[in-house]
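Open your viewer and keep the selection panel handy. We will go from stop to stop, and at each one you will hear what to select and what to look for.

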Amino acid sequence: MENWSAATIRDFRQTLLAWYDAEGRDLPWRHGRNPYHTWISEVMLQQTQVNTVIPYYEKFLATFPTVVDLAAADEPTLLKVWQGLGYYSRARNLQRAAQQLMTDYHGKWPRTAAELEDLVGIGPYTASAIASIAFDQVVPAVDGNAFRVFARLLMIDADIAKPKTRQLFTQIIQPIVDPKRPGAFNQAIMDLGSSYMTAKNPDPEHSPVKAFDASYRAGRVLDFPVKTKKPRPKPMAYYGLVIHSPAGYLLAQRGANEMLTGYWSFPLILKETLRNDESTAPATVAEDITEIERRWVAEFQLPLTLTPVGGRIVSHTYTHQRWQVTLLMADLPTALPLDFFPGKWVSAAEIADLPLPKVQEKMMQQFASQRDSRAFEKN
DNA sequence: TAGCCGTGGTA
DNA sequence: TTACCAAGGCT
């Protein structure tokens, strides 16, 4: 790999920041220097693209203008504001950290990356980003952009998928960060990583730091960064139960020990939990329906007559799981009391007021297209 | 350490 | 459709 001299480092800083001052993006969280604003934006931007974040950022700050408001937020409002942004533990952690700030720090922000890391949801990257942008601490913010940009500039061949590699990059970048403008430096690297030095279709030929790009000189831009790939999502077969009564549809809230915690969906049943013997022939849908009906009477005192909805199976892919949901429906003449079932009846018009994950929206769309295209309309 | 945790965009 | 990527953190 390359090793820059002090003169090259000075040159690089000057070139990078001149470009950033002229061409850097005008983003909502770059107005002013409010650590709360920086924090919210950085957490939203974790594994999420800028264009996706912008509307969520605006709505979040309008709903929770200060740390005090966030600390006191009610959970349904919080989850609803975050709906669709994904990685929902981020929202819960934001509130916990806001409460930490109020109780443990008396509402006063810690100003160093090391201290910021004590707040839940703030890891090494986010801590460094906040410390450099809001408090001028001279530390590199090592995110995917920094990995990619410096792996190419210096031809660093360490595997960025390995957690340990972060230390190496931090040590290499630390002396390059501009001590006068650390926040601008880190954000300039991110702008570089999302323009000329992208993962897929980079344009190193026209990059403002082309002269510093060793991988470009070597004609090996796409060889960096080195990153081992992750395993494919595991297929998971579910039944989704669309149970209707005069009181509305039956919705269940996701529990604390499962993904999508706190969000609402039609009851989901993992197909493989219906039979304890998988050595014999695979069950038919009719057999599974019989078993589900039997269990719902035994466990919830809810007599059902389920029928397949028809149409396509609802498919939804997460980072590590691929769900295939077969919809089954039941229409009950009366709204049975839910004394044993952890959920509630919700009228069609009010479902949209609940925090819903994407897979629930897909299930509603599929059901409506097969049964009643106006089923879940608001009015 | 490696697996878990969402969604939207792109080739 | 599939695969991979995008300003990571937690356990």
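Start with Asp143: a polar side-chain atom of this residue lies 2.4 Å from a sugar or linking oxygen of DNA strand C. Before going on, note that this is a predicted model, in which local features need pLDDT of at least 70, side-chain atom pairs count only at pLDDT 80 or more, and totals for chains, interfaces and linings use all residues. Residues are numbered from 1 along each chain as its sequence is written, chains are lettered from A and ligands numbered from 1 in the order in which they are written, and side-chain values use heavy atoms, with hydrogens and water left out.

**Stop 1: around DNA strand C**

Now select every residue near DNA strand C, where near means that one of the residue's heavy atoms lies within 4 Å of the strand. You should find 28 residues, with Gln47, Gly121, Asp143, Asn145 and Ala199 the closest. Of the strand's atoms that come within 4 Å of the protein, 69% belong to sugar and phosphate.

Zoom in on Gln47, where a backbone N or O atom sits 2.6 Å from a phosphate oxygen of DNA strand C. For an approach to a base, pick Trp29: one of its polar side-chain atoms is 3.3 Å from a base nitrogen of this strand.

Next, color the helices α8 (124-135) and α9 (144-154), each of which supplies at least two residues of this surface; helices here are DSSP runs of H or I with at least four residues, strands are runs of E with at least two, and both are numbered from the N terminus. Colored by class, the surface near DNA strand C shows ten nonpolar, eight polar and ten charged residues. In this scheme Ala, Val, Leu, Ile, Met, Phe, Trp, Tyr, Cys and Pro are nonpolar, Asp, Glu, Lys and Arg are charged, and the others, Gly among them, are polar.

**Stop 2: around DNA strand B**

Which residues come closest to DNA strand B? They are Tyr87, Tyr88, His316, Thr319 and His320, out of 22 that surround the strand. Here sugar and phosphate make up 61% of the strand's atoms within 4 Å of the protein.

Select Tyr87 to see a side-chain N or O atom 2.8 Å from a base oxygen of DNA strand B. Then try two backbone approaches to phosphate oxygens of this strand: an N or O atom of Leu260 at 3.0 Å, and one of Lys358 at 2.9 Å. The surface near DNA strand B has eight nonpolar, eleven polar and three charged residues.

**Stop 3: His316**

Stay with His316, which is in strand β6 (residues 314-317). Is this residue buried or exposed? His316 counts as buried because its relative accessibility is 11%; buried means under 20% relative accessible area, exposed over 50%, and partly exposed in between (1.4 Å probe, protein chains only). Show the side chain of Lys362 too, since the two side chains make a polar contact at 2.9 Å. A polar contact is a pair of N or O atoms within 3.5 Å; within protein, one must be able to donate a hydrogen and the other to accept it, and residues adjacent in sequence count only if both atoms are side-chain atoms.

**Stop 4: the domains**

Finally, color chain A by domain: domain 1 (6-223) and domain 2 (234-370), with bounds from an automatic or database domain assignment. Their C-alpha centres lie 39 Å apart. Eight residues from domain 1 and eleven residues from domain 2 take part in the contact, where contact means heavy atoms within 4.5 Å.
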